[in-house]
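Biologist: Let us go through this model together. I will ask how each label is earned, and you will show me the reasoning.

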Amino acid sequence: MSHPNRLRVALLGQAFMGRAHSNAWSQVGKFFDLPAVPVLHTICGRDAAKLRAFAARWGWRYFSTDWRAVVACDDIDLVDIGTPNHLHLPMAKAALAAGKHVACEKPLAGTLADAREMAHLAAEAKGGTGAGQKTFVWYNYRRCPAVALAYSLVRTGKIGPIRHVRAFYLQDWAGPDVPLAWRFDRRQAGSGALGDLAAHIVDMTRFVTGQEITAVCGAMAETFIKRRRVMSGSAAGGIAAGLKRSAKTGKVTVDDAVAFLARFSGGAMATFEAARQATGNQNRNGFEINGVKGALRFNFERMNELEYYDATAPRAVQGWTTILCTHGGDHPYAAAWWPDAHIIGYEHGFTNMAYDILRMLAGKAPTVPMPDFADAYQTQRVLEAAAVAAAEKRWVKLSEVK
Ligand SMILES: NC(=O)c1ccc[n+]([C@@H]2O[C@H](COP(=O)([O-])OP(=O)(O)OC[C@H]3O[C@@H](n4cnc5c(N)ncnc54)[C@H](O)[C@@H]3O)[C@@H](O)[C@H]2O)c1
């Protein structure tokens, strides 16, 4: 039976995000004061032998290979989805129907149709016919202190009206030796760099600017490596490390890279670029936002830092300032972690998000706004607009993308 001071979590998926989320749920109570304590109830995947070891290592009470039984179980309050994109809809649908809160990995879904249905089901579960359930989407980069600080600097008028947004998410892991994992299969992933990487920078720039993208044009998508060796065995817990190849090859059905131009509702022009073979960029995820009074710059590879340019300072001393976002009280989330300049890492964004989920489920405000299914559906519409613009080589207004 549900208890106001605890939240029983079932996590679906036990590889890369399985580890990131398991860590977040197990660390959050050690660093934050929580309104309710998460209980690592059940971990779910496909390989029982691996699950047994995973559950023991991360502290899950139970494990299962039957996600349908898990999401329907009376002992679960929140279903956390960390599986490939085509499974997000069926898993979220079953969990919402069973009265659970749902936290789902990004992108919301592989396709716009799935995402639309998920947004609809979430709206019903929240109000309408549901039990007031809440939904959350793991756009975790919002919860890097530097990105959350950028959000608040924009709101306090530090950079003034925004003219330019330049967003990039560049990786270089997808060379020819990487086998045909689910990320290269349209049926499972929906798209490639677009849904995997551009999704994050569309979310992050919507979040920081507080504006919606109204139109997309000048889009290109490219698949450089058309066939890959079929994978043997299962995911290893990272993006591609440790994946094994068989002799057979299969067709890659998603993009390796995508780029597009966009217009924001406040009038800013934007460029977006996402790539999996951008040699030299291992996880260069970030933005530069230029306003009339100042500018902001973020690159996840130096995630503790936010760069700020104050164009209202005397010209003689104008220049980029690098802010180390580790000062508790001034920088979001920093008070929960370590003393000044004792920097944090990738996993902390997930733990910060687990904290905000627990706050919201207790009726409290999150540190900075949290994307739910309705919000993540807006990001998905932008991804769809980019896909259509690339395929049809034309301007696509967001009003066309329902
Ligand atoms: N927020 C982020 O920064 C971030 C980073 C990586 C991945 N993701 C997202 O997380 C999701 C998972 O990605 P990943 O990298 O962890 O993938 P992965 O391949 O590492 O893991 C997928 C997991 O899903 C499990 N799974 C697949 N089918 C299943 C089924 N029918 N029943 C139960 N379990 C099943 C697999 O066994 C595996 O444990 C994707 O939606 C991806 O886009 C988000």
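Modeller: Domain bounds come from an automatic or database domain assignment. For this protein, the assignment gives domain 1 (6-137) and domain 2 (141-341 + 370-392). Keep in mind that the model is predicted.

Biologist: How far apart do the C-alpha centres of domain 1 and domain 2 lie?

Modeller: They lie 24 Å apart. The contact takes 26 residues from domain 1 and 27 residues from domain 2. On the domain 1 side, helix 1, helix 5 and strand 6 (135-137) each give two or more residues. Helix 5 has the largest share there, with seven residues.

Biologist: What classes of residue make up the side of domain 1 that touches domain 2?

Modeller: That side divides into 16 nonpolar, five polar and five charged residues.

Biologist: Now the inside. Why is Ala24 called buried or exposed?

Modeller: The cut-off for buried is 20 or more other C-beta atoms within 10 Å. Ala24 has 27, so Ala24 is buried. Ala24 lies in helix 1. Setting aside residues within four places in sequence, Ala24 is in contact with Phe350, Thr351, Met353 and Ala354.

Biologist: How far apart are Ala24 and Gly349, in sequence and in space?

Modeller: They are 325 residues apart in sequence. C-alpha to C-alpha, they are 8.6 Å apart in space.

Biologist: What makes Ala148 count as buried or exposed?

Modeller: Apply the cut-off of 20 again. Ala148 has 25 C-beta neighbours inside 10 Å, so Ala148 counts as buried. Ala148 lies in helix 6. Beyond four places in sequence, Ala148 touches Arg142, Arg143, Pro332, Tyr333, Thr367 and Val368. Ala148 and Met204 are 56 residues apart in sequence, with their C-alpha atoms 9.7 Å apart.

Biologist: Met204 brings up a helix pair. How are two packed helices described?

Modeller: By the angle between their axes and the distance between the axes. Here, helix 6 (residues 145-155) and helix 8 (residues 193-209) have axes that come within 7 Å and cross at roughly 35°. Val147, Ala150, Tyr151 and Val154 in helix 6 meet Met204, Phe207, Val208 and Thr209 in helix 8. By class, this contact has seven nonpolar residues, one polar and no charged ones.

Biologist: What is noteworthy about the phi of Tyr333?

Modeller: Most residues other than glycine have a negative phi. The phi of Tyr333 is near 70°, a positive value in a residue other than glycine. Ala341 also has a positive phi, of about 65°, although it is not a glycine.

Biologist: Where are Tyr333 and Ala341 found?

Modeller: Tyr333 lies in the loop between strand 16 (320-324) and helix 9 (346-361). Ala341 is found in the loop between strand 16 and helix 9 too.

Biologist: How do you know whether Tyr333 is buried or exposed? And is Ala341 buried or exposed?

Modeller: Count the neighbours. Tyr333 has 26 C-beta neighbours inside 10 Å, so Tyr333 counts as buried. The cut-off for exposed is 12 or fewer. Ala341 has 9 other C-beta atoms within 10 Å, so Ala341 is exposed.

Biologist: Which residues does the cis peptide bond join?

Modeller: Most peptide bonds are trans. The cis bond joins Lys106 and Pro107, with omega about -15°. Pro107 is found in the loop between strand 5 (101-104) and helix 5 (112-126).

Biologist: Which residues touch the most other members of the largest nonpolar core?

Modeller: Ala198, Ala274 and Ala386, out of 114 residues in that core. The core draws at least three residues from each of domain 1 and domain 2. Among the residues that Ala198 touches are Tyr169, Val258, Phe272 and Leu383. A second, separate core of 10 residues includes Ala174, Val178, Met231 and Val254.

Biologist: Last, the ligand. Which residues around the ligand come nearest?

Modeller: Ala15, Phe16, Met17, Glu105 and Ala235 come nearest, of the 23 residues around the ligand. Helix 1 (residues 16-31) gives the most to this shell, with three residues. By class, the shell divides into 10 nonpolar, nine polar and four charged residues. At least three shell residues come from each of domain 1 and domain 2.

Technical notes
Residues numbered from 1 in each chain as written. Predicted model: local features only at pLDDT ≥ 70, side-chain atom pairs only at ≥ 80, totals over all residues. Axes fitted to C-alpha atoms, helices over the stretch in contact; angles between N-to-C directions. Helix = DSSP H or I, 4+ residues; strand = E, 2+ residues; numbered from the N terminus. Contact = placed C-beta atoms within 7 Å. Nonpolar A, V, L, I, M, F, W, Y, C, P; charged D, E, K, R; others polar. Near = placed C-beta within 6 Å. Core = buried A, V, L, I, M, F, W, Y, C linked by C-beta atoms within 7 Å.
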